[in-house]
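Visitor: Got a minute to walk me through this one? I'd like to start with the pocket.

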Amino acid sequence: MTSSKKTGNALSRRAFLKNTGKGSAAIAATATVAGQLSGCSDQSNSLSFTEIPHSLDHQHHIPEGYQSQVLMSWGDSLSNEDTFAPATLTAEQQATRFGYNNDFIGFMPLQDKADNSMQHAKSGNSQRGLLCINHEYTQPHLMFSGYQNEEDGELNTRKEHIAIEHQACGHTIMEVALDGDQWRVIKDSDYNRRITVTTPMQITGPAAGNPRLQTAADPTGTEVYGTLGNCAGGKTPWGTVLIAEEGFGGAFMGDLNSLQGDDAKERDNYERLSIGSSDNRQWGKHEPRFNIEKEPREANRFGWMVEFNPYDPHSKPRKLTTLGRFEHEGTTIVAKPGQPIVAYTGDDDEFQFFYKFVSSNNYNPDDYESNLGLLEEGTLYAARLNEDGSGEWLPLVYGQSFLIDRFGFHSQADVLIECRRAAEMIGATPMDRPEDIETNPVNDCTYVMLTKNKKRKTTDPGNMRPKNTAGHILEILHPGKDGNRDHTQLKFNWNTFILGGHPNSGNQNERGFYGTGPKGETVTEDGWFATPDNLAFDKLGNMWVATDGCEKFHFHDGLWAMPTSGPYRALPKHFFGCPLGAEICGPEFTPDGETLFLAVQHPADADGSTFDNPVHRWPDFDDSLPPRPSVLAIRKKGGGRVGS
Ligand code: FEO
Ligand code: CA
Ligand code: CA
């Protein structure tokens, strides 16, 4: 068995781009590519917008006939209209301001009269709601003056800057309302809230209270401060928000060899998650819990999914150990009345796995209280893909298969804490960095974004390209019919929906495969993309794919839209382009489909770019302001469904 190890600081782009890893068994995949196999019903192309070109400049780009609005940027106040002054920013100020590097966006509808969060969520109000936004990580060299480059910023961060960073990570909840065709942040709303690295949280599920989660500050192993690496996320029909702890390992410094006695077993666990790597952040110099030599177990309290109720500004977030501990990209829910809920989640690292959780209890759309604990009791499974296009979900249950004492698993808590090792041991399929996984609300098929894996040397089922630099998208079909599939079943079929890359690339490993239209239409020079990361579905079931890595192919990251069924299946069109250095995250539609919210993350993150000398200053282009990660609201001029 091999371990997949990400060396370096997973909280940083720098280390994010230099992962290492090893593949496992070499098995050729016999995948069907780009829509040749479809269990999905007919659907004409409802995407009639005018495609934008591939480009790479300092602006963002939208199609003709659309308008974009910068709704909120790093440093903007959540309570008043004062101007952001980065030179005098304090941690206390940052705690009430919009955080850095916005990622996941969830629009949670608000209505005037609601007894609970489920009633708000079910209202479908598209004019007023809460925007719930993750802040994945911080970049001192772009946030503060005086750092020479990214490495200098991360390894030599001043204490006062670390304190600001801790308040710039996490999550923002802010009330928004549509006035005419413009969105407005309600600056003094009681709902407005920041969740940060210092917010108290409860740990729930089988690993809560386990000795491996007990620290000097919390001998109970059930209370933890803060959340880290909040990448993508999800929403539940009972009105809570799920935020993923992804690249948290880079926050923990220290020597793995210092782990002795009972803690010695954490060496392999931590190495698999890049905890204690030599180029990790140095927060632990100022705060002992981030130094494994001083607090050997704090790192086991991160790497979980976090659930919280955005409609209650005093609610305490809960870390859900049921969903396993790894580098969660996000989690999305399938909830059908009278059935268990299913939660899909991916581990975004090279040669890692994707998972689903099936609740023990059933979802009841009419009983708010009964749904609150659904994610706290159930079974987690890892996906195994077979060469013949079939697949199975393998249970991660203590006492079954290799998950027994002889192999170092002494409880369900051990299985969940060391989820990567457990999934590897039971034979899950190592993937090319599973990012978002989401189920299409119309055809009920599930789609897995696999962003890239340049370390892959041999193929695995579902991962058919060695040195996969362009990424791909898998389609998962559970038993049932189009539009009504049983996601609780443990068998499925898979096929390849799209291979990223140019369709005529001379490099076989980068050659893209897309659908073909009814008149022989093929993907255009602007319609192809690479490195899929996040995704959303509009209410007609069109897939909207956000990318992170297209600059390697000499054009901006952005958003591409495509049908998943019908004659234009898997034929993408280019809708949005980022400013240089940025990736695009969090595509999120209002329930009426008339507003698309986008998170532009790490703008101007380019070689040589610093706070003092950035390559550009998007979106303000003001010499007194640095480039600022920002959330955009995009609408069709005159109204109407986005994409039409
Ligand atoms: Fe934070 Fe997997 O992207
Ligand atoms: Ca992502
Ligand atoms: Ca990303």
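Guide: Sure. The largest pocket has 41 lining residues, with Lys235, Ile333, Glu438, Pro441 and Glu588 nearest its centre. A pocket here is an open set of points on a 1 Å grid over the protein atoms alone, where a 1.4 Å probe fits and protein lies on both sides within 12 Å along at least five of seven lines; lining residues have an atom within 4 Å of a point.

Visitor: Before we go on, what kind of model is this?

Guide: It's a predicted model: local features need pLDDT of at least 70, side-chain atom pairs count only at pLDDT 80 or more, and totals for chains, interfaces and linings use all residues. Residues are numbered from 1 along each chain as its sequence is written, chains are lettered from A and ligands numbered from 1 in the order in which they are written, and side-chain values use heavy atoms, with hydrogens and water left out.

Visitor: OK, which strand gives the largest share of the lining of the largest pocket?

Guide: Strand 2, with 5 residues. Strands are DSSP runs of E, at least two residues, numbered from the N terminus.

Visitor: Switching to metals. What are the protein donors of the calcium ion (ligand 2)?

Guide: Cys231 (SG), Glu329 (OE), Glu435 (OE) and Asp533 (OD) twice, lying 2.2 to 3.1 Å from the ion. Donors are N, O and S atoms within 2.8 Å of the metal, or 3.2 Å for Na, K and Ca; water is not among the atoms, so sites may look incomplete.

Visitor: And how far along the chain are those spread?

Guide: The spacing of the ligand 2 donors is C-x97-E-x105-E-x97-D. Cysteine 231 sits in strand 9 (residues 230–235) and aspartate 533 in strand 26 (residues 532–537), so this pair ties together parts 302 residues apart in sequence.

Visitor: Is cysteine 231 buried or exposed?

Guide: Buried, at 4% relative accessibility; aspartate 533 is buried too, at 3%. The cut-off for buried is under 20% relative accessible area, with exposed over 50% and partly exposed in between (1.4 Å probe, protein chains only).

Visitor: What coordinates the calcium ion (ligand 3)?

Guide: Asp533 (OD), Asp548 (OD) and Glu583 (OE) twice, at 2.3 to 3.2 Å. Aspartate 533 coordinates both ligand 2 and ligand 3, and these calcium ions are 3.3 Å apart.

Visitor: How buried are aspartate 548 and glutamate 583?

Guide: Aspartate 548 is buried with 6% relative accessible area, and glutamate 583 is buried at 3%.

Methods: Helix = DSSP H or I, 4+ residues; strand = E, 2+ residues; numbered from the N terminus.
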